[in-house]
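User: I have a model open and would like to go through its charged side chains with you. Could we begin once it is on screen?

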Amino acid sequence: MDSLRALPSVHDLLEEQPAAAMIAEHGRPLVRFAVQRAIEAERRAGAIAEPGTRWSAIERVIQELRRPRLRPVVNATGVILHTNLGRAPLAAAAAEAAAAIAGRYSTLEFDPQTGRRGRRHDLAADLLRHLTGAEGAAVVNNCAAAVLLMLTALAKGKEVIVARGELVEIGGGFRMPDVMRLSGARLLEVGTTNRTRAEDYAAAITPRTAAIMKVHASNFQVIGFTQSVELKDLGAIARQHQLLLLHDLGSGALLETAAYGLAEEPRIQDSLASGADLVACSGDKLLGGPQAGLLLGRAALVDRVMKHPLARAVRVDKMTLAALIATLDLYLTQSLAGLPVWDMLGASPESIADRARAWQSRLKERGTAVDVVAAKSTVGGGSLPGEQLPTTAIALSPRRGGAADLLRRLREHEPPVIGRIVEERVLLDPRTVLPGEDDVIVEAVIGALV
C-alpha cells in the first residue's frame, strides 16, 4: 500500500498534456470527474496504472457518460410497429416539421389574429375533425393518458361497464382495471372471458352508471367459442339508458387495413359512426405519427375533458404537435407514399425479395455467404394481433458461438442492427429496413460474421 503514495493527485493529472486536449473537447468538470474515478479505481485495485493505461481509462469514463442512450437503430426484425424501437418511424415531412419548430418560438398557445392566448390542443383539431368526422378533437401525450383523462373527467365516482374479456393488459404492465381505479371510476365487469351479450350490459346498469366502455383487443385474440357486442349495438343500449359510450380504440387507423391484405382493424371514423361518444386512440401506431393520444367525439365532451385539471398534466409538447399536424396533412392530401408505416405494409413480396437478394449478392461479393429464405413479418405495436405478412429475409448462420452471440454482435454495430432468431439462425427482414440503410446492413453482417 505504500506504493499508492506515488499516485498522482487530481490537480497534477489535470495539468498534464492529455488532460488539456480532453478539457478542450469535454470541459474541465467532466474530465476532473473522470480523473477522480480513475484514481479511485487504481486505489481500490492496490496498483498504479501506467500513464497510457490511466488516460485510456479516463477516456472510457468520459465516453460512457457522453454516449447517447437514445440513438437510431436499424430495425430488421420485420415487426413494423416495434414498441421497443419507437413504433412508427415518422414521415420525412413530420420529422422536418418537428425539427423546424423545436429551436424557435411558436404559436403553441398564442393566436396571432387576436393577440391572445390560444389552446395547444386546438392546433390539430381542424385536421382531425375533417379526417374523422368528429365534432370535437384534442391531443394529449399518449393513448393511456387519453383513457385516464376521459374516465377521470366523465366518470369519477360512478360506474363504468366493461366486458370481462376486454380487461386487457398491454406492454409495460398497463392494465385497464388499474387505470379505472386511478380515474376514480368504479369498474363493473360483465359477461365471461370469451362470451359477452347485449343483455349482460343492460342488466348491469344502475342509477350510478355513467358509461359503457368498449376496449379494443389490440394485442391478443380470443378465438373459438366466442361472442361480443358490436359497438353500434352498445350505442343503442347507451342511448336508451342515457349513458355515455366510450371507446378505447387503440391503434387509431384512418385507412382500411383490408386493402393491404390484412384483417380489418377498426378505423377512427367507423367508431364514431357506430355511435361512440368519445374515442381514445394512439398517434404512433397505424396512424404513423408521433407518440400522442387522440380524443375525438362530441364537442361538448371533448371540451369538458380538456377543462379538467388532469389535462395539463398530460398535455402534448410542441414538437409532437408539429409532427402530428404534418402527418395528418399527408392524409389530407392523400400523400400516403410519404408514410413509412403504410409503405412497409404495402410493400410487395417481389420488391422485398429483390432487396433481400441484392443484400445477398453484395455480401457474396465481399466474401460473406448468407441464405435467402421465406419468412413472415408482423404489424406489432398492439395492432392486428396474429396477422402476418409474407416476406423474404436473409438468414445468417453463426460461424462461432450461437445465434444469440451473432445477434449481439449485430447490436454492437454502430448503428445497431436489430434482427430476430428463427431456428438458430438470425433473420434480417428488408420490410422494416428504411431506404438508405442497406449499406449499414451489409457492413454490420460482414462485421458480425468475421
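User: Is Arg 315 buried, exposed or partly exposed?

Analyst: Arg 315 is partly exposed, at 31% relative accessibility. Buried means under 20% relative accessible area, exposed over 50%, and partly exposed in between, with a 1.4 Å probe and protein chains only. This is a predicted model, in which local features need pLDDT of at least 70 and side-chain atom pairs count only at pLDDT 80 or more, while totals for chains, interfaces and linings use all residues. Residues are numbered from 1 along each chain as its sequence is written, and side-chain values use heavy atoms, leaving out hydrogens and water.

User: Which side chain meets Arg 315 in a salt bridge?

Analyst: That of Glu 109, at 3.5 Å from N to O. A salt bridge here is a side-chain nitrogen of Lys or Arg within 4 Å of a carboxyl oxygen of Asp or Glu. Glu 109 lies in the loop between α5 (92-102) and β2 (110-111), and Arg 315 in the loop between α13 (310-313) and α14 (318-332), so the pair ties together parts that are 206 residues apart in sequence. Helices (H or I, at least four residues) and strands (E, at least two) are DSSP runs, numbered from the N terminus. Glu 109 is also partly exposed, at 23%.

User: Which residues are linked with these two in a network?

Analyst: Arg 117 and Arg 120 join Glu 109 and Arg 315 in a network of salt bridges.

User: And within a helix, what does Arg 357 pair with?

Analyst: Arg 357 forms a salt bridge with Asp 354, the closest N and O atoms being 2.7 Å apart. Both lie in helix α16 (residues 349-365), 3 residues apart, about one turn of the helix. Arg 357 has a relative accessible area of 41% and Asp 354 one of 45%, and each counts as partly exposed.

User: How many salt bridges are there by this rule?

Analyst: The count comes to 24. Another of these pairs is Arg 67 with Glu 64, at 3.2 Å between the closest N and O atoms.

User: Changing topic: how many disulfides does the structure hold?

Analyst: The structure holds 0 disulfides, a disulfide being a pair of cysteine sulfur atoms within 2.5 Å.

User: Why is Cys 143 not bonded to Cys 281?

Analyst: The closest cysteine sulfur to that of Cys 143 is in Cys 281, and because the distance is 6.4 Å, they are too far apart for a bond. Cys 143 is buried at 9% relative accessibility, and Cys 281 is buried at 0%.
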